[in-house]
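Please open the model in your viewer, with the sequence panel beside it, and follow the selections below in order.

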Amino acid sequence: MLRPSGRQRASGAVPAARGEGPYLTPAQAFDALYAYCAPALVRQAYLLTGRRDLAHESVERAFQRAWDHWPDVARDPDPAGWVRAAAHDWALSPWHRLRRRHRRPEPPPPEEDDRALLDALLSLAPPYRRTLVLYDGVGLDLPETAAETEASTRATAGRLMFAREVIAERLPELADPGELHDRLAELASTGRTRAAEPAAVRGGSERRARLWTRTAAAVTVVLIGSTAMTLHTAPTHYVPPVPPGETVRGVPPRVAPGPLSDEQRELRDRLRKALLDGPERLSPQAR
């Protein structure tokens with residue numbers, strides 16, 4: 001299944017934790033949401049990326065972000081949709097292609113039909129792939145799919161029809177949307193889909209928060225130190241520039257040359273004449 005199972009699936013409500021009363025602590029509510037949504041989100045992210053490791057990472061990062069913003073997520077009308085949108089955004093981020101470990105191809109599914117379907121999915125542009133997974137895989141209606149992909153309903157319908165045409169052209173037996181839904185669920189369920197424990201996800205979020213807090217504190221200390229040093233070394237009053245012609249710390253100013261005297265002009269004329277009519281240059285004599 002690409003969507004959380006249970007009677008709450010139609011309404012989108014998250015079941016309460018077992019053995020707990022009507023009031024849950026934030027950690028208990030988070031764990032209930034994680035147990036309800038994480039396995040299905042891993043399967044969805046796998047269809048979007050074709051990589052199991054990236055699918056698990058996307059779901060963990062989405063839930064870590066949800067724990068960081070838990071007061072807002074807890075009050076959201078659809079907390080499962082909030083986490084799903086965050087997981088899909090992380091899974092389809094274009095920056096993953098720059099990471100070294102994601103440059104190595106992942107082993108394909110063992111079945112030839114699954115490999116063909118996965119290749120067809122990955123041939124679609126990310127917006128078309130996400131629209132197809134949400135509508136034909138997860139089962140959202142057209143307005144919900146449009147809202148989650150941040151597109152108009154008309155554009156979402158066009159993306160869906162184009163994606164279906166590409167899949168049907170490469171795999172004619174999947175032209176029926178019902179058959180396509182079943183095959184997407186089968187493909188997503190192949191291999192390892194076990195999600196991490198919710199306590200580990202919450203712990204990772206808290207460690208990241210502490211790291212960012214320490215980094216912000218260190219940057220603040222550096223800024224305060226540099227500001228204090230600047231204030232200490234900066235001049236406290238205006239220092240006018242030294243005008244030309246004045247002595248600076250005992251060093252007399254350079255005197256500009258004045259007009260030539262009669263003797264200097266006579267010497268200059270003699271030198272200029274000697275340059276033109278002077279003796280020839282010395283040259284070595286042959287022996």
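Helices, written α, are DSSP runs of H or I of at least four residues, and they are numbered from the N terminus. With that convention, the elements of this protein read α-α-α-α-α-α-α-α-α-α-α from the N terminus on, that is, 11 helices and zero strands. What you have open is a predicted model.

**The whole chain**

Begin with everything selected and a surface switched on. The protein has 287 residues, and buried residues make up 32% of them. The surface it exposes comes to about 19400 Å², of which carbon and sulfur atoms supply 56%. If you display contacts with a sequence separation of 6 or more, residues 24 or more positions apart account for 70% of them.

**Helix α5**

Next, select residues 112–123, which form helix α5. For these 12 residues a rise of 1.5 Å a residue predicts a span of 16 Å, and the end C-alpha atoms lie 17 Å apart, which agrees. Which residues of α5 are buried? Colour D114, L117, L118, A120 and L121, for these are the ones. They cover an arc of only 160° around the axis, which puts them on the same side of α5. An α-helix has 3.6 residues a turn, so residues three or four places apart point the same way. To see what covers the buried residues of α5, add neighbouring helices to the display, including α1 (26–49), α6 (126–138), α8 (153–170) and α9 (177–188).

**The nonpolar core**

From there, widen the selection to the largest nonpolar core, which has 48 residues, and highlight L47, F63, L117, L132 and I167, the members that touch the most other members. The elements that give two or more residues to this core are α1, α2 (52–68), α3 (70–75), α4 (79–91), α5, α6, α8 and α9. Helix α1 gives the most to this core, with 12 residues. In soluble globular proteins, nonpolar side chains tend to be buried together. Centre the view on L47 and, leaving aside residues up to four places away in sequence, show what it touches: L2, L121, L122, R129, V133, L184, L187 and A188.

**Salt bridges**

Now turn to the charged side chains, where a search of the whole structure finds nine salt bridges. Select E148 and R84, whose closest N and O atoms are 2.8 Å apart in a salt bridge. Since E148 lies in helix α7 (residues 142–148) and R84 in helix α4, the pair ties together parts that are 64 residues apart in sequence. Are these two residues buried or exposed? Both E148 and R84 are buried.

Move on to R130 and D89, whose side chains meet in a salt bridge with an N to O distance of 2.8 Å. R130 lies in helix α6 and D89 in helix α4, so this pair ties together parts that are 41 residues apart in sequence. R130 is buried, with a relative accessible area of 9%, whereas D89 is partly exposed at 42%.

A further pair to select is D53 and R51, which meet in a salt bridge at 3.6 Å, N to O. Here R51 counts as buried at 13% relative accessibility, while D53 is partly exposed at 26%. Then return to D114, already coloured as one of the buried residues of α5, and add R183 and E186, with which D114 is linked in a network of salt bridges.

**Three single residues**

Select W82, which lies in helix α4 and counts as partly exposed at 23% relative accessibility. Beyond residues up to four places away in sequence, W82 touches A62, R65, A66, V73 and D76. W82 and A62 are 20 residues apart in sequence, and their C-alpha atoms are 8.9 Å apart in space.

Go next to P39 in helix α1, which counts as partly exposed at 31% relative accessibility. The C-alpha atoms of P39 and R3 are separated by 8.8 Å, although the two residues are 36 apart along the chain.

Finish at E150, in the loop between α7 and α8, where 74% relative accessibility makes this residue count as exposed. Its backbone deserves a look: phi of E150 is near 55°, a positive value in a residue other than glycine. Most residues other than glycine have a negative phi.

Key: Residues numbered from 1 in each chain as written. Predicted model: local features only at pLDDT ≥ 70, side-chain atom pairs only at ≥ 80, totals over all residues. Heavy atoms only, no water. Expected span 1.5 Å × (residues − 1). Buried < 20%, exposed > 50% of the residue type's maximum accessible area, 1.4 Å probe, protein only. Arc of directions from axis to C-beta. Contact = heavy atoms within 4.5 Å. Core = buried A, V, L, I, M, F, W, Y, C linked by side-chain atoms within 4.5 Å. Salt bridge = Lys/Arg side-chain N within 4 Å of Asp/Glu carboxyl O. Areas by Shrake-Rupley, 256 points an atom, 1.4 Å probe, with all protein chains shown as cover.
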